[in-house]
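Please open the model in your viewer, with the sequence panel alongside, and follow the stops below in order.

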Amino acid sequence: MTGQELKIKLRQLQNLEAEDEIVEFKEAKTGYDSAKLGKYFSALSNEANLMKKEGAWLVFGIENKEHKVVGTKYRENRADLDKLKKELADKTSNHITFLEIYELNFPEGRVVLFQIPPAPKGMPVSYEGHFYGRDGESLVPLNLEEIERIRVQSISFDWSAHIIPTATIDDLDEEAVKKARVEFIKRNPKYREEEPHWENSRFLDKAKLTIKGKVTRTALILLGKEEAEHFLGSFVKIRWNLRTVKNEDKDFEIFSIPFILTVDEVYKKIRNLKYRYLRDNTLFPDEVMRYDPFNIREPLNNAIAHQDYSKGSRINVVEFEDDHLVFSNYGAFLPKSVEEVVLNDSPEEIYRNPFLVEAMKNLDMIETQGGGIRKIFNFQRQRFFPLPDYDLSEGKVKVTISGKILDEDFARILIQNPKLSLEEIILLDKVQKKKLVGDAEFRYLKKLGFIEGRRKNCYLSFNVVQPIDDDELKAQYIRNRSFDDDHFRDMIMDYLKKYKTATRKSIEILLFDKLSDALSEDQKKKKVANLLLSLRQKGRIIFDNQKEWKLTEIL
């Protein structure tokens, strides 16, 4: 929004008789509590969804009675203000964060406007694991009925299943339909005898591309003629971009529908050259393609399947010359986490475009049994390359696939220890990428001899000659590994919600057997004390009459 548009918007908000479910004013003269800001974000986002609004606003520097400008000094440094997006995304479900943060300066002082998106269809927004809503001007827990009203939206609304009344089968590309038939039989060999006798209309219904002969958005996305893109919008495209490692543009091309053919065209643009590296004690290099073909097709097809087309944005494939690939699409990542999908190897429970996903499954374009992302990880592992990186911030999914060895010690450890689990390799990958590992993870890798240095600046060190295969050490790691603090705080909150009060002793009984075995009894007691203190400082619990802990009312 331009400065003038912002001033008009602010005047509109100030002219409201009172705050409502999607507008909140705060003076925040010198600062504002981050936890309380996160709760308001959750509440305003959920209410915007329930009220079918385009968004909500949280405004600092305005008093909430007459809505006059009083000015705020909240994060006056713009860099600090911008960091708030990431800080919030780390604590909200599906990493939802502000659409934008604006600043306006008036003679009376500075005003900060936080533009908040509505909760995505089917996904209420939580902050630190809790859902919030509004009752008039008050901040309250989102009730179960409202949570369910948001969750069922994913069932009742599917952009990809929408029928285009004016589109016909003649708007589908002949070559795309032929390829679709071939791929359908690969995935569904039981129809091999029947399929040659089907009319196109019967095949399209059978493959779940059309509904009773009527053309859907899914049919056009996958099989539509390029000139039929107007039925969808000019944004349904894939942009391939070649850049140098220094991020300088070298080439680009934009591809339209039909995506079943476009995927092959994009694949051909990527320069998948051979990569050579020497193993220890040999003069003969190993030679592999930089990218396994599956590791190009799967992220691209996933981007097509899970793109939030209602945002009107393209899918992007950026090739950094002889280094790495980045695939990105709009739409929050629906499973709880990437690691959960990889380690549990479980299928997703919710899809943004279920009709499109089902059609792509029938055409052998995507995996739907939970194995696609795990396969990408394993193909990188086989090459001794860094594991994929998933950036889930700003309502997007951005996947980075590396095409070369990053740390030779990482490669040596994997070569020497082929029995390492994927979970262990994920830990090693964190270290080579200079990401912080937990205490139990650090101690485990240290005992294996794979790392040196202190936890906050450790690095890989290949000192092990014989492969590590110590079952007791692995079992000890699992016993010593603890949940994160948010999990324990949630356990305390759930206990208090159910039983209303708790003594220090009852909290210790609740948590002690869940804490890491590496902690002594005194350390566990100190851990519990710190957890209770953090909840108290956040205003979520109180120590009533110096006897027992209780939930505090939401302010």
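Does Glu183 count as buried or exposed? Glu183 counts as buried, because its relative accessibility is 11%; buried means under 20% relative accessible area, exposed over 50%, and partly exposed in between, with a 1.4 Å probe and protein chains only.

Before going further, note that this is a predicted model, in which local features need pLDDT of at least 70 and side-chain atom pairs count only at pLDDT 80 or more, while totals for chains, interfaces and linings use all residues. Residues are numbered from 1 along each chain as its sequence is written, and side-chain values use heavy atoms, with hydrogens and water left out.

Staying with Glu183, select Lys186 as well: their side chains meet in a salt bridge at 3.4 Å, N to O, a salt bridge being a side-chain nitrogen of Lys or Arg within 4 Å of a carboxyl oxygen of Asp or Glu. Both residues lie in helix α6 (residues 174–187), three residues apart, about one turn of the helix; helices (H or I, at least four residues) and strands (E, at least two) are DSSP runs, numbered from the N terminus. Lys186, in contrast to its buried partner, counts as exposed at 53% relative accessibility.

Next, select Arg383 and Asp292, which form a salt bridge with the closest N and O atoms 3.8 Å apart. Arg383 lies in helix α13 (residues 372–383) and Asp292 in the loop between β13 (286–289) and α10 (293–306), so the pair ties together parts that are 91 residues apart in sequence. Arg383 is buried, with a relative accessible area of 10%, and Asp292 counts as buried at 15%.

Then move to Glu128 and Arg540, whose salt bridge has its closest N and O atoms 3.3 Å apart. This pair links distant parts of the chain, 412 residues apart, with Glu128 in the loop between β5 (126–127) and β6 (130–135) and Arg540 in the loop between α20 and β21. Both residues are buried.

From Arg540, continue to the open sheet of three strands, which has the order β20-β22-β21 and antiparallel pairing, where two strands pair if DSSP finds at least two bridges between them. The edge strands, β20 (501–502) and β21 (541–544), each pair on one side only. Within β20, select Thr501, whose bridge partner in β22 is Lys550.

To finish, select Arg78, Asp82, Lys85, Glu100, Glu103 and Arg110, which are linked in a network of salt bridges.
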